[in-house]
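Reader: I should like to learn how to read a structural model feature by feature. May we proceed with one kind of feature at a time?

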Amino acid sequence: MPEDSIFETKGVKKNFMFVCNKAPYGTIYALEALEMIMISAAFEQHAVIVFIDDGVFQIKKGHNTKSTGMKNFSPTFGVVSMEKEDADEDDEIDMVWRIVVEKESIEARGLSEEDLVLETEVLSSGELSDLMAKQDVILTS
Amino acid sequence: MKLGLLVNEGPFNHQASDTAYHFAKAAISKGHQVLRVFFYFDGVNNANKLSEPQSDDRNIVKMWGELASAHNIDLVVCVAAGLRRGLKEEVLADGFRISGLGQMIELGLAADRTIVFGD
């Protein structure tokens, strides 16, 4: 277990869901939520990363933040993708990561799967709701 | 039941921290245990001892510290989010400690329920 562990969590396996529901820039929520997701990988827990509402813009291709001076964190999603692939391919790692985008959210914003930097599962709000109900820990920003 | 709390918003600007505080108090009074409160995003500002609200207002920074010492709650401020906002050991209020984001994930594993306070 990374860092200074205080609670007895050895062998505990849970289903985490990270709900990314805010636009990528304008506030820091998206960036810091992504930092949390990256850290969680070290714990080898099952995780569903959900992009919903304006959060779908976080994974839209072609971010350019030059004129605003904000840090462009879009490349970090490449690392998320790598973590997922590692988990999928390595039988030693008991960790499943799913990357989900809500169908209604992308449609309402005129986006399609081809506009996104990540390979995602597209789920309807109903399907997403069912998936949410199965989670142990849901972290939103 | 063992509870874990995540506070995502700063004090005074937003009510999330107050709501989390009152939730924690109510849960404890019903016999539940609050293992840890993790402060993230602007929530790290809840741990700033330089905070000085007007005398007729609540002092949520102090209230957290007092609740923590009375009920043995681990108040953890995220180091990365804190550094960005100038929240360091020098200004850390009593009852809080600074650590990494892993403490949030660990809390999710240890607690029976994790509750997020924010927008």
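**Strands, contacts and salt bridges**

Author: Let us begin with a strand. In this predicted model, strand E1 of chain B, residues 2-7, is mostly covered, with five of its six residues buried.

Reader: How many bridges join E1(B) to E2(B), and do the strands run parallel or antiparallel?

Author: E1(B) and E2(B) run parallel and are joined by six bridges. One example of the pairing is B:Leu3, whose bridge partner in E2(B) is B:Val34. In a regular strand, side chains alternate between the two faces of the sheet.

Reader: Which salt bridge involves B:Arg36, and what does the pair tie together?

Author: The side chain of B:Arg36 meets that of B:Asp74 in a salt bridge, at 2.8 Å from N to O. B:Arg36 belongs to strand E2 and B:Asp74 to strand E3 (residues 74-78) of chain B, so the pair ties together parts 38 residues apart in sequence. As to exposure, B:Arg36 is buried at a relative accessible area of 0%, and B:Asp74 is buried at 16%.

Reader: How should one read salt bridges in chain A?

Author: One should ask where each partner sits. A:Arg109 and A:Asp54 form a salt bridge through their side chains, at 2.8 Å from N to O. This pair links distant parts of the chain: A:Arg109 is in the loop between H3 and E4, A:Asp54 is in the loop between E2 and H2, and they are 55 residues apart. A:Arg109 is partly exposed at 27% relative accessibility, and A:Asp54 is partly exposed at 33%. A second case is the salt bridge of A:Lys103 with A:Glu107, whose closest N and O atoms are 3.2 Å apart. Because A:Lys103 and A:Glu107 are four residues apart in helix H3 of chain A, about one helical turn separates them.

Reader: Is A:Val56 buried or exposed, and which residues does A:Val56 touch?

Author: A:Val56 is buried, at a relative accessible area of 0%, although its place is in the loop between strand E2 (46-51) and helix H2 (76-89) of chain A. Not counting residues up to four places away in sequence, A:Val56 touches A:Phe51, A:Val101, A:Ser105, A:Ile106, A:Arg109, A:Leu111 and A:Leu116. A:Ser105 is 49 residues from A:Val56 in sequence, with the C-alpha atoms 7.0 Å apart in space.

Reader: How does one read the contact between the chains?

Author: One takes its extent, then its composition. The contact involves 29 residues from chain B and 28 residues from chain A. About 2,400 Å² is buried between the chains, with carbon and sulfur atoms giving 62% of that area. B:Phe41, B:Ile105 and B:Leu109 supply 28% of the area that chain B buries against chain A, more than any other three residues.

Reader: What is the count of salt bridges and of residue pairs in polar contact between the two chains?

Author: There are three salt bridges between chain B and chain A, and 11 residue pairs in polar contact. On the side of chain B that touches chain A, the largest share, nine residues, comes from H4(B). That side has 14 nonpolar, seven polar and eight charged residues.

Reader: Which residues are linked in a network of salt bridges?

Author: The network links A:Glu32, A:Glu35, B:Asp42, B:Arg84 and B:Arg85. Within this network, B:Arg84 forms a salt bridge with A:Glu35, with the closest N and O atoms 2.6 Å apart.

Notes: Residues are numbered from 1 along each chain as its sequence is written. Chains are lettered from A and ligands numbered from 1 in the order in which they are written. This is a predicted model: local features need pLDDT of at least 70, side-chain atom pairs count only at pLDDT 80 or more; totals for chains, interfaces and linings use all residues. Side-chain values use heavy atoms; hydrogens and water are left out. Contact means heavy atoms within 4.5 Å. Buried area is the accessible area (1.4 Å probe) that two parts lose on being put together, summed over both. A salt bridge is a side-chain nitrogen of Lys or Arg within 4 Å of a carboxyl oxygen of Asp or Glu. A polar contact is a pair of N or O atoms within 3.5 Å; within protein, one must be able to donate a hydrogen and the other to accept it, and residues adjacent in sequence count only if both atoms are side-chain atoms. Helices (H or I, at least four residues) and strands (E, at least two) are DSSP runs, numbered from the N terminus. Ala, Val, Leu, Ile, Met, Phe, Trp, Tyr, Cys and Pro count as nonpolar, Asp, Glu, Lys and Arg as charged, and the others, Gly among them, as polar. Buried means under 20% relative accessible area, exposed over 50%, partly exposed in between (1.4 Å probe, protein chains only). Two strands pair if DSSP finds at least two bridges between them.
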